[in-house]
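Q: Hi, could you walk me through this model? I'd like to hear about folds, holes and odd residues.

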Amino acid sequence: MRIFALYMNISGRMHLYRKIILAAVCFATLLTACKKEEDTTKEYLTGTLSISMPGYLKPGDSKTFNVADLAVLSRTDGGNVGYYVSYPGQKVNDTLWTESGKHIKDQFVITAPDTLGYMSFTFCGFGDEDLYYSKSVSGNFTVVKAGVNGTSSMTGYAIDDKTPKFTDPRDGREYLATDVNGTLWMRQNLCWEGAGKPYMDSPATSDVFGRYYTWEEARTACPDGWRLPLESDWAKLCEAMGVSFTPKADIPGLAGKLMENISFNDTRMWEFNREVKVTNQSGLSAVPTGYALVDADGYTFCDFYNYAAFWTGDEFDAGTALLRYMYYNSEIVFAGKISKTDFATTVRCVKD
């Protein structure tokens, strides 16, 4: 027992000594690491990087960038700055300029792949990695494809061989249509490029969401034989849907009958709301593409995924016209008195 006690005493002391020695080693290592970090503190590259990229592209669309136009970086020691780009879906970086001053490429091209959805690429400037932190900027875009159902961006349309279709002779674009109480309505937003603006100023969206027109543009944008719907057309639509109608007033109980559960790049456009029953009984297939505010600085696009809005041919006075619109959480089709020039939104044309 004494031997065992002695052994335990000696063993305990040895264990304590080992702890002390280990702590001392760790402390010394920490001091060394701190000193090393202090001795090798990196600097930041000065200047900025910038990327201007359309928000939406079609598969195969491309944009060319000049490195010198994007890069305004420098080192405090006067050394060279290198640049590289990482392309969407690729793990290997493409070196454009090396930090030794060699220009391998003065341009690079970003091409939209045949894959729908959000994409991102990175443009990066770097110096000696032991002395400088790198600096980068991302370019982002969404790949979209025209058409309905299939491999297009807009899917979920209830269509069959009997679905009416119309081809605009001005540009050859084909639209789905629907007959409501003897009036033919376009089932997709007008995308004639002779007027209006594409969503987020990206031309690729014209064939997907339609274009956004001021009232002054909209009243002459429909194809020959088609026109903006009047309140009399909305009255006939309400009669067919079994809801009451008062000219230039809100229409309760109609919105869900105009909405269709369509998805954009696999994202449902009308957010589910228990207050609204989406049936698309009318066949109009309304989707929430929002609207735009117009001023001297251009178009500001608002409330995508929340509102669907359509111009009518009816006016209130010299400066305002009637807008019919609906919100994702209400069964009401609202009536709005809206500026003819400071507001732009989508258009559905009708034909008698």
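A: Happy to. Helices and strands here are DSSP runs, at least four residues for a helix and at least two for a strand, numbered from the N terminus. Keep in mind that this is a predicted model.

Q: Thanks! How many helices and strands does the protein chain have?

A: The protein chain has 6 helices and 26 strands.

Q: And how much of the protein chain counts as buried?

A: Of its 352 residues, 43% count as buried. The protein chain exposes about 18,500 Å², and 52% of that area comes from carbon and sulfur atoms.

Q: What share of the contacts joins residues 24 or more positions apart?

A: Such pairs make up 59% of the contacts in the protein chain with a separation of 6 or more.

Q: Let's talk sheets. Which strands sit together with β13 in an open sheet?

A: That open sheet has 4 strands in the order β13-β14-β15-β26, with antiparallel pairing. The edges are β13 (165-167) and β26 (350-351); each has a single partner strand, so one side of each lacks a neighbour in the sheet.

Q: What holds strands together in general?

A: Strands of a sheet pair through backbone hydrogen bonds, either parallel or antiparallel.

Q: OK, zoom in on β13 and β14. How many bridges join them?

A: There are 3 bridges between β13 and β14 (residues 174-180), and the two run antiparallel. If you want a landmark, look at Phe-166, which stands opposite Tyr-175 in β14.

Q: And which strands are in the sheet with β18?

A: That one is an open sheet of 3 strands, β12-β18-β19, again with antiparallel pairing. Here β12 (154-155) and β19 (267-268) are at the edges with a single partner strand each, so each has one side without a neighbour in the sheet. Strand β18 (residues 263-264) is joined to β19 by 2 bridges, and Ser-263 stands opposite Arg-268 in β19.

Q: Switching to holes. How much space is in the largest pocket?

A: About 270 Å³. The largest pocket is lined by 23 residues, and the closest to its centre are Gly-147, Glu-174, Tyr-175, Gln-188 and Asp-207. You've met Tyr-175 already, as the residue opposite Phe-166.

Q: Which element gives the most to that pocket lining?

A: Helix α3 does, with 4 residues. Both β14 and α3 (206-209) supply at least two residues of the lining.

Q: What's the mix of residue classes in the lining of the largest pocket?

A: The lining divides into 10 nonpolar, 7 polar and 6 charged residues.

Q: And how many cavities of 30 Å³ or more turn up?

A: A search of the whole structure finds 1. The space in the largest cavity is about 30 Å³. Its lining is made of Met-259, Trp-270, Glu-271, Phe-272, Asn-273, Val-276, Val-278 and Tyr-328. By class, that is 6 nonpolar, 1 polar and 1 charged residues.

Q: Now the odd ones. What is the phi of Met-200?

A: Phi of Met-200 is near 55 degrees, which is positive in a residue other than glycine. For background, most residues other than glycine have a negative phi. Met-200 lies in the loop between β16 (197-198) and α3, and it is partly exposed, with a relative accessible area of 42%.

Q: Where is Lys-248 found?

A: Lys-248 is in the loop between α5 (231-241) and α6 (255-258). Lys-248 also has a positive phi, about 60 degrees, although it is not a glycine. Its relative accessibility is 36%, so Lys-248 counts as partly exposed.

Q: One more loop: is Pro-88 buried or exposed?

A: Pro-88 counts as buried, at 19% relative accessibility; the cut-off for buried is under 20%. Pro-88 is in the loop between β6 (82-86) and β7 (94-97). Leaving out residues up to four places away in sequence, Pro-88 touches Ile-110, Met-119, Ser-120, Phe-121 and Phe-141. The C-alpha atoms of Pro-88 and Met-119 are separated by 6.1 Å, though the two are 31 residues apart along the chain.

Q: Last one! What does Asn-280 touch?

A: Not counting residues up to four places away in sequence, Asn-280 touches Arg-187, Gly-256, Lys-257, Leu-258, Met-259, Glu-260 and Ser-285. One of these, Met-259, also lines the largest cavity. Asn-280 is in the loop between β19 and β20 (291-295) and is buried, with a relative accessible area of 11%.

Terms used:
Residues are numbered from 1 along each chain as its sequence is written. This is a predicted model: local features need pLDDT of at least 70, side-chain atom pairs count only at pLDDT 80 or more; totals for chains, interfaces and linings use all residues. Side-chain values use heavy atoms; hydrogens and water are left out. On a 1 Å grid over the protein atoms alone, a cavity is a set of points where a 1.4 Å probe fits but cannot get out, and a pocket is an open set with protein on both sides within 12 Å along at least five of seven lines; lining residues have an atom within 4 Å of a point. Grid points are joined across faces, edges and corners, and a volume is the space filled by probe spheres set on the points. Ala, Val, Leu, Ile, Met, Phe, Trp, Tyr, Cys and Pro count as nonpolar, Asp, Glu, Lys and Arg as charged, and the others, Gly among them, as polar. Buried means under 20% relative accessible area, exposed over 50%, partly exposed in between (1.4 Å probe, protein chains only). Contact means heavy atoms within 4.5 Å. Accessible areas come from the Shrake-Rupley method with a 1.4 Å probe; for residues, only the protein chains shown count as cover. Two strands pair if DSSP finds at least two bridges between them.
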